[in-house]
Amino acid sequence: MIFGSIKHLEEYLFLEERIKECFEYAKSNELVSYEIGRYEIDGERFFVNIVEYTTSK
């Protein structure tokens with residue numbers, strides 16, 4: 001688990017390139033505007049799942 005801000009990716013240079021690619025995508029796209037569903041970015045290698053659920057108390 002990573003705790004921090006996507007605004008400070010330079011602090012996470014130790015991460016694998018594939019993980020940094022995911023962060024860069026999230027940083028440069030308005031994921032909050034995506035509808036619920038699966039969005040293929042690079043086939044099975046890189047995709048975004050947008051889900052919605054209700055938590056219990």
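Two strands pair if DSSP finds at least two bridges between them, and strands (E, at least two residues) and helices (H or I, at least four residues) are DSSP runs, numbered from the N terminus. The model is predicted, so local features need pLDDT of at least 70 and side-chain atom pairs count only at pLDDT 80 or more, while totals for chains, interfaces and linings use all residues. Residues are numbered from 1 along each chain as its sequence is written, and side-chain values use heavy atoms, with hydrogens and water left out.

**Exercise 1. Describe how strands E1 and E2 are paired, and find the bridge partners of Gly-37 and Arg-38 in E2.**

Step 1: Begin with the order of elements, which from the N terminus of the protein chain is α-β-β.

Step 2: Strand E1 covers residues 37-42 and strand E2 covers residues 46-50; the two run antiparallel and are joined by 5 bridges.

Step 3: Within E2, Gly-37 has Ile-50 as its bridge partner, and Arg-38 has Asn-49.

Step 4: Turn to the hairpin of E1 and E2, where 3 residues stand between the strands and Gly-43 takes a positive phi near 60°.

**Exercise 2. Determine which side chains of E2 are buried and which are not.**

Step 1: Recall that buried means under 20% relative accessible area, exposed means over 50%, and partly exposed lies in between (1.4 Å probe, protein chains only).

Step 2: The side chains alternate along E2, with Phe-46, Val-48 and Ile-50 pointing to one face and buried, whereas Phe-47 and Asn-49 point to the other face and are not buried.

**Exercise 3. Characterise the surroundings of Tyr-39.**

Step 1: Tyr-39 lies in strand E1, and its relative accessibility is 27%, so Tyr-39 counts as partly exposed.

Step 2: Contact means heavy atoms within 4.5 Å; leaving aside residues up to four places away in sequence, Tyr-39 touches Tyr-34, Phe-47, Val-48 and Ile-50.

Step 3: For Gly-4, which is 35 residues from Tyr-39 along the chain, the C-alpha atoms of the two residues are separated by 25 Å.

**Exercise 4. Decide whether the protein chain is more spread out than a compact globule.**

Step 1: Note that the chain has 1 helix and 2 strands.

Step 2: The radius of gyration is 13 Å, well over the 10 Å that the globule rule gives for 57 residues, so the chain is more spread out than a compact globule; this radius is taken over C-alpha atoms, and the rule is 2.2 Å times the number of residues to the power 0.38.

Step 3: Add that 14% of the 57 residues count as buried.
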